[in-house]
Amino acid sequence: MPTLPGREPGMPERDAASAPTVDTSVHRGLLLQLALRSLMATFIGAALLSQPPQANLWLHWAILTGYVVAVSLWSWWALRSAGGWKARTQRSVALLMLCVDLLAVAVISTETGISSAETWTSDVAQHGLFLIPLIAAAQLDPVVSASIAVPTVVTFFAVSWVDKAANGNEPWGSILSRTAVLFGLAAGSVALSWIQQSKTRTITALARERTRLLEEVISLEKRERQSLSERLHDGALQYVLVARRDMEEVRDGSVDGMDRVDFALAESSRLLRDVVRELHPEVLARAGLKAAMTSLADGIATRTELAVHLDADSWPDDARTDADHLIYSAAREISTNAIKHAKADNLRFTLAYNGFQATLRIADDGVGIPPERLVHSVEDGHIGFASVCAKVLAAGGAFVVTSPPGTTVSISVPAKRTQRSPEVAGAEN
């Protein structure tokens with residue numbers, strides 16, 4: 001059974017519809033990272049001002065200045081290139097900047113803990129490590145969050161160990177407790193990244209599907225207009241032109257000319273009636289699906305050389321359901337494909353209704369459609385089958401194509417019985 005793809009093979013992950021969604025997510029993530037890094041720089045600067053170390057104060061300010069410069073350069077380049085990165089480049093830059101974040105806090109905390117054990121600078125500065133998992137989570141990349149989580153926790157534990165003696169032999173229980181809190185925060189950032197990434201992918205997929213369906217609708221409308229134009233031009237219009245030409249003989253009193261004009265107008269009326277019936281099957285509204293399918297089968301048999309068979313004994317004569325229009329449009333679309341491409345001699349419709357489900361089976365004895373050809377036809381823009389399939393699946397039904405030999409399309413959709421509209425009932429009375 002061939003599968004009709006929702007997205008053509010080889011389609012890039014980002015297209016015109018999904019690009020705005022992706023770019024917006026990336027841009028907001030970058031702004032959040034910039035805000036958190038600005039908060040970290042402010043926090044470290046406040047720690048150095050409120051608890052200045054006793055030694056190498058210039059070194060710590062130099063590290064902080066270098067960190068601010070690195071964040072400024074990163075923000076300028078990142079915001080300028082937002083949405084234009086390759087995945088590998090984006091991940092590499094993200095990991096590099098997170099390492100810079102970690103290194104800046106770790107060096108200041110460790111150095112002040114060793115050289116200025118009498119101050120609280122190290123104890124205050126090391127809590128800046130709690131911001132790093134949040135910065136990583138803003139990447140919306142679980143791999144990045146997981147890659148930086150372990151080094152951050154290990155660094156925090158190492159700095160706490162260095163500061164243990166300076167803090168009056170802080171109990172190991174306290175160190176392990178704070179480390180466990182950071183570990184939980186890091187694990188939460190990984191989970192948050194995964195959840196947000198999943199949501200972004202879902203939104204992108206929905207945007208892509210919306211674009212695909214819109215393109216299908218536009219393409220289907222264009223194809224139906226072209227088909228209608230061809231039928232009117234090659235059918236009724238030709239008979240009208242013939243009748244107009246024969247009118248000269250009619251003016252001269254030719255009886256044969258009158259017969260030809262009468263025949264041409266009759267054929268033109270019949271062809272126009274067929275077109276109108278297919279565009280707006282009044283019989284479907286007045287007499288129900290079974291009568292409309294009978295009319296459709298008779299019309300196909302009249303204008304083609306196919307032997308058309310209809311088995312609708314399992315459909316009650318007076319049954320009206322909310323799936324009638326879907327079933328009828330599917331029958332018309334699929335039979336049109338069979339007429340154009342199947343090279344068949346026989347076409348059979350089987351219609352059934354069991355009170356809660358409507359089924360339609362359309363089979364021909366033509367050349368058949370190999371699965372790979374059906375897939376390629378969808379990729380090339382011939383979306384008749386794909387359009388019907390999308391409508392059936394959207395209604396909660398099933399759509400199955402088997403071929404060869406011949407081609408058999410089986411459709412089943414949930415269907416509830418409905419009453420005729422008051423307008424139709426009034427018109428009949």
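Reader: Is Cys-389 buried or exposed?
Author: This is a predicted model. The relative accessibility of Cys-389 comes to 9%. The cut-off for burial is under 20%. Cys-389 therefore counts as buried.

Reader: And Cys-99: what class does its accessibility give?
Author: Cys-99 has a relative accessibility of 43%. Partly exposed residues fall between the 20% and 50% cut-offs. So Cys-99 counts as partly exposed.

Reader: How many disulfides does a search of the whole structure find?
Author: A disulfide is a covalent bond between the sulfur atoms of two cysteines. The sulfur atoms would have to lie within 2.5 Å. The number of disulfides found is zero.

Reader: What share of the protein chain counts as buried?
Author: The chain folds into 14 helices and five strands. It has 429 residues, and the buried share is 41%.

Reader: What part of the contacts with a separation of 6 or more comes from residues 24 or more positions apart?
Author: Contact here means heavy atoms within 4.5 Å. Among contacts in the protein chain with a separation of 6 or more, residues 24 or more positions apart account for 75%.

Reader: How many aromatic pairs are there in the whole structure?
Author: Ring centres must lie within 6.5 Å to pair. Searching the whole structure on that basis gives a count of four.

Reader: What is the geometry of the pair Tyr-239 and Phe-263?
Author: The ring centres are 6.3 Å apart. The planes meet at 75°, and angles over 60 degrees set the class. So the pair is edge-to-face.

Reader: Which helices does that pair link?
Author: The two residues are 24 apart in sequence, in distant parts of the chain. Tyr-239 belongs to residues 172–251 and Phe-263 to residues 255–279. Those helices are H7 and H8.

Reader: What accessibility class do Tyr-239 and Phe-263 have?
Author: Tyr-239 has a relative accessibility of 26%. For Phe-263 the relative accessible area is 49%. Both values lie between the cut-offs of 20% and 50%, so each residue is partly exposed.

Reader: How are the rings of Trp-315 and Tyr-353 arranged?
Author: Their centres are 5.2 Å apart. The planes stand at 45°, neither under 30 degrees nor over 60. The pair is tilted.

Reader: Where in the chain is Tyr-353?
Author: Its partner Trp-315 sits in the loop between strand E1 (307–314) and helix H11 (324–342). Tyr-353 is 38 residues away in sequence. Both Trp-315 and Tyr-353 are buried. Tyr-353 lies in strand E2.

Reader: Which residue lies over the face of Trp-74?
Author: Trp-74 is one of the buried residues of H2. The charge over its ring is 4.5 Å from the ring centre, and it belongs to Arg-37.

Reader: Which residues does Asp-101 contact, leaving aside its neighbours within four places?
Author: Asp-101 is in helix H3 (residues 87–115). At 0% relative accessibility it counts as buried. Its contacts are Arg-37, Met-40, Tyr-67, Ile-132 and Ile-135.

Reader: How far apart are the C-alpha atoms of Ile-114 and Val-159?
Author: Ile-114 is also in helix H3, and at 61% relative accessibility it counts as exposed. Val-159 is among the buried residues of H6. They are 45 residues apart along the chain, and their C-alpha atoms are separated by 9.8 Å.

Reader: What span do the end C-alpha atoms of helix H6 show?
Author: H6 has 21 residues. At 1.5 Å a residue, the expected span agrees with the model's, which is 30 Å.

Reader: Which residue caps the N-terminal end of H6?
Author: A side-chain oxygen lies 3.0 Å from the backbone nitrogen of Val-143. That oxygen belongs to Asp-141.

Reader: What is the end-to-end distance in H11?
Author: The 19 residues of H11 should span 27 Å at 1.5 Å a residue. The model agrees with that, its end C-alpha atoms being apart by 25 Å.

Reader: Which residue follows H11?
Author: Its phi is positive, near 55°. The residue is Lys-343.

Reader: Which residues does Gln-51 contact beyond four places in sequence?
Author: Gln-51 is in the loop between helix H1 (18–50) and helix H2 (57–80). Its relative accessible area is 29%, so it is partly exposed. One partner is 69 residues away in sequence but 6.2 Å away in space, C-alpha to C-alpha. The contacts are Trp-120 and Thr-121.

Key:
Residues numbered from 1 in each chain as written. Predicted model: local features only at pLDDT ≥ 70, side-chain atom pairs only at ≥ 80, totals over all residues. Heavy atoms only, no water. Phe/Tyr/Trp six-rings, centres within 6.5 Å; stacked < 30°, edge-to-face > 60°. Helix = DSSP H or I, 4+ residues; strand = E, 2+ residues; numbered from the N terminus. Buried < 20%, exposed > 50% of the residue type's maximum accessible area, 1.4 Å probe, protein only. Lys NZ or Arg CZ within 6 Å of the ring centre and 35° of its normal. Expected span 1.5 Å × (residues − 1). Polar contact = N/O pair within 3.5 Å; in protein donor to acceptor, adjacent residues only side chain to side chain.
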